[in-house]
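Here are my comments on the packing of nonpolar, aromatic and charged side chains, set out for you to compare with the coordinates.

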Amino acid sequence: MTTAGAIYDWIDKIAPFSTAMGFDNAGFLVGDRSAPVRRVLLALDITAEVAEEAARDGAQLVVSHHPVIFTPLRTLSAESPVYRLAGAGIAAICAHTNLDMAAWGVNTCLAGRIGLQDVHGMDSDPASGASPWFLGELPEPLMPQDFAKQVGTRLGCGGLRYVPGHRPVRTVGLCSGSGAEFLSAAQAAGADAFVTADTRHHQLLEAQAAGITLVDAGHFATEDVVIEPLCEKLAAAFPSVAFQKSTVHRDPASYLLF
């Protein structure tokens, strides 16, 4: 019988939890390592709806990217995802920045989805040796607007923001989620464009002044790309366990088109 701990150990091999950034709370966050597992639900976030879906589907474990516990819990209401998981006896494993930076992880899945080749990690983190952002190449150059459209289409974005650069896009830097802090490093490495999310106003201005294309495709869209591939890899590693991606969890943002 496969246990929740065995699944944690497998994830730890491809994305060591020891490489998670210091602010993070990745790991085995709810439940018992020795609990037997027959069904597993995967989602970017463990919301109350995802916890209900796991209970309804008979899952013994939820694997997510974002930690279901990030800051110290001061209260635990009946509506909280943690309460619902614990009440249903469902464990939770959360692979966050360790999965972002893994050689096979969120950033490499993002790079593959938007069409990059020759992808490699950049600027290894001093503490863990993992790479916080990645660099890759398009097969053929694209004009900035065409590149932004390709990113949005391939990620299924409801909408995105972008700053058009001064030159065609061939070399692309990226950091899934909130990674615009690496924009200058990407430019120094020769990137024509940078793909990320949660970009602040001064970072948009920085890209505009530098003439580099900056594409903000949204936090959900740049990270949810890892969930289906992770589901497939886990299914191959544990054939006796049923793995399924959440059907209720979607991008919480909606977009108006003008």
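The points below take the cores, the ring pairs and a charge over a ring in turn.

1. This is a predicted model, in which local features need pLDDT of at least 70 and side-chain atom pairs count only at pLDDT 80 or more, while totals for chains, interfaces and linings use all residues. Residues are numbered from 1 along each chain as its sequence is written, and side-chain values use heavy atoms, with hydrogens and water left out.

2. The largest nonpolar core (buried Ala, Val, Leu, Ile, Met, Phe, Trp, Tyr and Cys residues joined through side-chain atoms within 4.5 Å) has 46 residues, and I7, V40, L42, F147, L155 and F243 have the most contacts inside it. Apart from this core lies another, of 17 residues, which includes I46, A54, V62 and I90.

3. Leaving aside residues up to four places away in sequence, F147 touches (heavy atoms within 4.5 Å) L138, L142, V169, V172, A193, V195, T213 and V215.

4. Rings of Phe, Tyr and Trp (its six-membered ring) pair if their centres lie within 6.5 Å, with planes under 30 degrees apart counted as stacked, over 60 as edge-to-face and the rest as tilted; the count by this rule is five aromatic pairs. Y8 and F28 form a tilted pair, at 6.2 Å centre to centre and 55 degrees between the planes. Ring pairs also link Y8, F17 and F28 into a cluster.

5. The charged end of K233 sits over the ring of W104 (NZ of Lys or CZ of Arg within 6 Å of the ring centre and within 35 degrees of the ring normal), 4.9 Å from its centre.

Technical notes
Buried < 20%, exposed > 50% of the residue type's maximum accessible area, 1.4 Å probe, protein only.
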